[in-house]
Structure formats: structure tokens, C-alpha cells
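Visitor: Could you walk me through the side chains in this one? I'd like to begin with the cysteines.

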Amino acid sequence: MARARAAWRFRGQTRPDFAVEPGPGQESVWDYPRPPAILPEPRPVRVLAGTVTVADSHRAVRVCETGSPPTLYVPPQDVAMHLLTVAPARSFCEWKGYAHYFRLEDAATPVTDVAWCYPEPLAGFEHYAGWICFYPGRVACFLAGEPVRAQPGGYYGGWITSDVVGPFKGEPGTSHW
């Protein structure tokens with residue numbers, strides 16, 4: 001884990017030359033720190049699967065990490081957990097620990113992971129054990145009513161809105177970030 005953490009080239013201390021300059025009311029993902037910052041999200045979060053509300057929260061947090069759009073985590077009390085089923089996939093984040101994934105419990109929905117959580121997170125993320133983050137693009141995600149765009153590449157689940165600029169990890173040629 002320490003080796004993975006040490007390998008990161010960008011850590012949010014200086015914005016690289018290739019970063020997009022943020023305009024008024026915007027922030028650059030290149031100003032986000034590494035390790036990531038966990039910040040309260042005052043704007044309402046809503047997640048839909050078709051017309052069904054899967055999550056609706058005013059208590060979400062943003063996890064902001066260098067080079068990636070924020071990921072928004074919602075407390076499980078604000079998620080219709082009965083609509084989700086645990087998927088077999090697992091992954092590891094050197095900052096948060098082992099992730100467990102979820103699929104929608106709906107035969108009409110393609111079998112794909114739509115969300116994840118860290119049931120037993122590493123130090124610094126303990127308070128958010130079990131909080132759910134959804135993949136924009138696999139379900140419809142909204143932040144203060146604004147439709148969220150998916151982070152490129154399919155692996156990461158960052159929430160791209162009009163107030164964040166990149167380029168973003170996951171775009172072609174970014175695997176070394």
C-alpha cells in the first residue's frame with residue numbers, strides 16, 4: 001500500500017501545465033489533494049434507475065482526489081437498499097480499502113455494477129463505512145438538479161458537473177496519473 005501511495009506523481013500541490021484553467025465558480029481537479037479530502041456536500045443528490053428513485057440525500061459527502069472528478073457518497077439511510085444486491089466484484093483503493101459493489105435488483109436492468117461502498121474502510125474513511133457511491137452513466141445521477149456526466153474510462157465513478165474541470169483520470173493516455 002505504501003508503495004502504491006508513493007508512486008503517485010501528482011498530489012494537488014501544483015496544477016500541471018496540461019490542466020484546464022478553472023473559470024468563475026469552477027474548481028480544477030488538479031487542485032484536489034492526495035490523499036483525498038472528504039468534504040460535506042451541501043447540494044442535494046438524487047439517483048434514479050429509470051423513474052425509480054434509488055437515492056435521495058442532503059447528507060452526502062464529496063471525496064476529492066487529485067486528477068479525478070469528485071465521487072459522492074450517500075449514507076445508506078438515504079438509499080433504497082432493497083433495490084440493490086451485492087455483486088461479486090471487489091477492488092482495492094490504497095486510501096479507502098476494499099470496495100464491495102452493487103447491482104440493481106431488477107430484471108429489466110442490464111447486469112452491471114451501479115454502485116460501491118467500503119464496508120470496512122481504512123483509517124481516515126471509517127466514518128463512511130457502508131456509504132454508497134453510484135456510477136453516473138450506469139444510473140442517472142443529479143447534483144442540485146444538474147445531470148451528472150460519467151468519468152471517462154468506465155472504471156472510476158467520478159461525478160462530472162459544470163463546476164469541475166480536468167482533464168480527468170480515465171481519459172485516453174492517463175493511466176500513469
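Guide: A disulfide here is a pair of cysteine sulfur atoms within 2.5 Å, and by this rule the count comes to zero. This is a predicted model, in which local features need pLDDT of at least 70 and side-chain atom pairs count only at pLDDT 80 or more, while totals for chains, interfaces and linings use all residues. Residues are numbered from 1 along each chain as its sequence is written, and side-chain values use heavy atoms, with hydrogens and water left out.

Visitor: OK, why is C133 without a bond to the closest cysteine sulfur?

Guide: The closest cysteine sulfur to that of C133 belongs to C141, and at 7.9 Å it is too far for a bond. C133 is also buried, with a relative accessible area of 0%, where buried means under 20%, exposed over 50% and partly exposed in between, using a 1.4 Å probe and protein chains only. C64 is buried as well, at 1%.

Visitor: Switching to rings: how many aromatic pairs are there?

Guide: There are nine aromatic pairs, counting rings of Phe, Tyr and Trp (its six-membered ring) with centres within 6.5 Å, and calling planes under 30 degrees apart stacked, over 60 edge-to-face and the rest tilted. One of them joins Y73 and F125 edge-to-face, at 5.4 Å centre to centre and 75° between the planes.

Visitor: And where do Y73 and F125 lie?

Guide: Y73 is in strand β6 (residues 71-74), whereas F125 is in the loop between β9 (113-117) and β10 (132-134), so the pair ties together parts that are 52 residues apart in sequence. Strands are DSSP runs (E, at least two residues), numbered from the N terminus. Y73 is buried at 1%, and F125 is buried at 3%.

Visitor: Which residues do ring pairs link into a cluster?

Guide: The cluster consists of Y73, W116, Y118, F125, Y128, W131 and Y135. The charged end of R138 sits over the ring of Y135, 3.9 Å from its centre, the rule being that NZ of Lys or CZ of Arg is within 6 Å of the ring centre and within 35 degrees of the ring normal.

Visitor: Are F92 and Y98 buried or exposed?

Guide: F92 is partly exposed, with a relative accessible area of 38%, while Y98 is exposed at 54%.

Key
Helices (H or I, at least four residues) and strands (E, at least two) are DSSP runs, numbered from the N terminus.
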